[in-house]
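Open the structure in your viewer and keep the selection panel at hand. Here is a short tour, stop by stop.

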Amino acid sequence: MTFVVTRLCRDCKDMGCVKVCPRDCILEHRPASGSSDLPNQLFIDPDECIDCNACVPECPWEAIYPDADVPPELEPDVALNAIVLKRREEFGSQRSANRPALTWKLSSATRSAGD
Ligand code: SF4
Ligand code: SF4
């Protein structure tokens, strides 16, 4: 099992989740060049997450779930988090580097279950 960050995270600047993760495995996408092709949200590295649950109560959007408990309408976000495994060099933690200003503006529609 691993925990996953769902699309309910998009555009959040709270970051309380990042501060409490003992594995520092809640990551942001930071491509070496160009803009990100991924949604403006955080991602959990499935290989590093130890299922401790510490991040869940810190998330005001209730965006984090154990992968087995992700609601059906958010199920595609499990695979979205798994992209970290294929493109690990593009991801980093805000704890180890300053996070650039979040500039992407997604419409409220992107938070909808149908996205
Ligand atoms: S997972 Fe929750 S607390 Fe963390 S950045 Fe996303 S919405 Fe904010
Ligand atoms: S469950 Fe624990 S190890 Fe996994 S992302 Fe959340 S705080 Fe980090």
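Which residues come nearest to ligand 2? Select the ligand and its surroundings: C21, C49, C52, A54 and C55 come nearest, out of 15 residues around ligand 2. Keep in mind that this is a predicted model. Now colour that shell by class. Twelve of its residues are nonpolar, one is polar and two are charged.

Next, move to ligand 1. Its surroundings comprise 13 residues. C9, C12, D14, C17 and C59 come nearest. Colour by class again: this shell holds ten nonpolar residues, one polar and two charged.

Switch to cartoon view for the sheet. Select β3, β2 and β5, in that order across an open sheet of three strands. The pairing is antiparallel. β3 (43-44) and β5 (91-92) are the edge strands, each pairing on one side only. Zoom in on β2, residues 26-29. Two bridges join β2 to β3, and the two strands run antiparallel. Show side chains here: I26 stands opposite I44 of β3.

Stay with that pair and bring up the largest nonpolar core. This core has 19 residues. Which of them touch the most other members? They are V5, I26 and I44. Trace the core back to its elements: β1 (3-5), β2 and β3 each give two or more residues. β1 gives the most, with three. In soluble globular proteins, nonpolar side chains tend to be buried together.

Last stop: centre on V5. Leaving aside residues up to four places away in sequence, V5 touches I26, Q41, L42, F43, I44, A63, I64 and N81. Both I26 and I44, the facing pair from the sheet, are among these contacts.

Terms used:
Residues numbered from 1 in each chain as written. Chains lettered and ligands numbered in written order. Predicted model: local features only at pLDDT ≥ 70, side-chain atom pairs only at ≥ 80, totals over all residues. Near = placed C-beta within 6 Å. Nonpolar A, V, L, I, M, F, W, Y, C, P; charged D, E, K, R; others polar. Pairing = 2+ DSSP bridges. Helix = DSSP H or I, 4+ residues; strand = E, 2+ residues; numbered from the N terminus. Core = buried A, V, L, I, M, F, W, Y, C linked by C-beta atoms within 7 Å. Buried ≥ 20, exposed ≤ 12 C-beta atoms within 10 Å, placed from the backbone. Contact = placed C-beta atoms within 7 Å.
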